[in-house]
Amino acid sequence: MAEEKNGTGPNPALFPDSDNPDQPGLEFAQFAAGCFWGVELAFQRVEGVVKTEVGYSQGHVPDPDYKLVCTDTTNHAEVVRIQFDPSVCPYTNLLSLFWSRHDPTTLNRQRGDIGTQYRSGIYYYSEEQARLARESLGEKQKELKDKKIVTEILPAKRFYRAEEYHQQYLEKGGGQGSKQSAAKGCNDPIRCYG
């Protein structure tokens with residue numbers, strides 16, 4: 001709750017994300033699907049996605065950094081915040097990509113990445129996004145049958161932009177120096193590496 005205190009006053013980490021998109025007509029979307037590097041690159045390639053940023057959200061500590069988030073004590077998720085043009089890319093297209101990029105049935109982990117920051121989440125900016133997210137979860141659950149989806153669907157809390165070296169990490173070459181294409185429509189496999 002926003003009324004909760006953290007030291008001397010209201011905790012800004014618990015407030016809704018009140019940022020505005022860079023241009024009129026754009027909307028925000030925010031997703032958590034494991035390590036944010038590969039997820040960001042996938043969304044960068046979508047026609048109608050104008051901007052992506054990776055960062056931390058849904059936690060209880062203001063202004064976290066990567067090292068603190070990795071202690072698994074802040075409850076932040078690694079997220080990708082997207083600015084998109086809904087006249088070119090409907091929100092449902094983003095939801096489809098989200099479900100295709102990770103295993104929504106594993107709690108607080110994706111492959112070898114383990115911790116609450118790697119959880120599955122859809123963080124919405126409007127009731128329409130919330131409705132569409134819940135509908136898409138229902139459809140995905142039918143597809144997965146007996147494997148229970150653990151994806152959380154919650155209002156987007158304050159977004160804390162990750163350190164600059166995390167931004168467009170795989171497009172810039174990651175730790176291997178091997179750049180990957182963020183071109184719209186690119187279908188090259190995404191290789192995630194540190």
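**Notebook: loops, pocket, rings and cysteines**

I began with Gln-58, which I placed in the loop between strand 2 and helix 2 (66–69). The model I am reading is a predicted one, and I kept that in mind throughout. The phi of Gln-58 is near 75°, a positive value in a residue other than glycine. I noted this since most residues other than glycine have a negative phi. Gln-58 is also buried, with a relative accessible area of 4%. I then found a positive phi of about 50° at Gln-168, again not a glycine, and this residue lies in the segment after strand 8.

**Pocket**

Next I looked up the largest pocket, for which I have a volume of about 250 Å³. Of the 18 residues that line this pocket, the closest to its centre are Cys-35, Gly-38, Arg-111, Asp-113 and Cys-192. I asked which element gives the most to the lining; the entry I wrote down is helix 1 (residues 36–44), with 4 residues. By residue class, the lining divides into 9 nonpolar, 5 polar and 4 charged residues.

**Cysteines**

Two of the residues closest to the pocket centre are cysteines, Cys-35 and Cys-192, which led me to ask how many disulfides a search of the whole structure finds. The search returned 0 disulfides. For Cys-35, the closest cysteine sulfur is that of Cys-192, and the two sulfurs are 4.1 Å apart, which is too far for a bond, since the cut-off for a disulfide is 2.5 Å. Cys-35 is buried, though its relative accessible area is 18%, and buried here means under 20%. I checked Cys-89 as well: the closest cysteine sulfur, in Cys-186, is 16 Å from its own, again too far for a bond. Cys-89 is buried, with a relative accessible area of 0%.

**Aromatic rings**

I then turned to the aromatic pairs, of which the count comes to 8. One of them joins Trp-37 and Tyr-169, which are stacked at 3.8 Å centre to centre with 15° between the planes. Trp-37 lies in helix 1 and Tyr-169 in the segment after strand 8 (160–161), so this pair ties together parts that are 132 residues apart in sequence. Both Trp-37 and Tyr-169 are buried. I also recorded a cluster in which ring pairs link Phe-31, Phe-43, Phe-84, Tyr-91, Phe-98 and Trp-99.

**Helix 3**

Because Tyr-91, Phe-98 and Trp-99 are buried residues of helix 3 (residues 91–100), I followed that helix further, and found Leu-94, Leu-95 and Leu-97 buried in it too. What covers the buried residues of helix 3? I listed strand 1 (27–33), helix 1, strand 2 (49–57), strand 3 (77–84), strand 6 (120–124) and helix 4 (127–144) as included in the cover.

**Gln-110**

My last entry concerns Gln-110, whose place is in strand 4 (residues 109–110). I asked whether this residue is buried or exposed, and recorded Gln-110 as buried, with a relative accessible area of 5%. Leaving out residues up to four places away in sequence, Gln-110 touches Ala-33, Gly-34, His-102, Asp-103 and Tyr-118. For Ala-33 I also noted the separation from Gln-110: the two are 77 residues apart in sequence, while their C-alpha atoms are 7.5 Å apart in space.

Conventions
Residues are numbered from 1 along each chain as its sequence is written. This is a predicted model: local features need pLDDT of at least 70, side-chain atom pairs count only at pLDDT 80 or more; totals for chains, interfaces and linings use all residues. Side-chain values use heavy atoms; hydrogens and water are left out. On a 1 Å grid over the protein atoms alone, a cavity is a set of points where a 1.4 Å probe fits but cannot get out, and a pocket is an open set with protein on both sides within 12 Å along at least five of seven lines; lining residues have an atom within 4 Å of a point. Grid points are joined across faces, edges and corners, and a volume is the space filled by probe spheres set on the points. Helices (H or I, at least four residues) and strands (E, at least two) are DSSP runs, numbered from the N terminus. Ala, Val, Leu, Ile, Met, Phe, Trp, Tyr, Cys and Pro count as nonpolar, Asp, Glu, Lys and Arg as charged, and the others, Gly among them, as polar. Rings of Phe, Tyr and Trp (its six-membered ring) pair if their centres lie within 6.5 Å; planes under 30 degrees apart count as stacked, over 60 as edge-to-face and the rest as tilted. Buried means under 20% relative accessible area, exposed over 50%, partly exposed in between (1.4 Å probe, protein chains only). Contact means heavy atoms within 4.5 Å.
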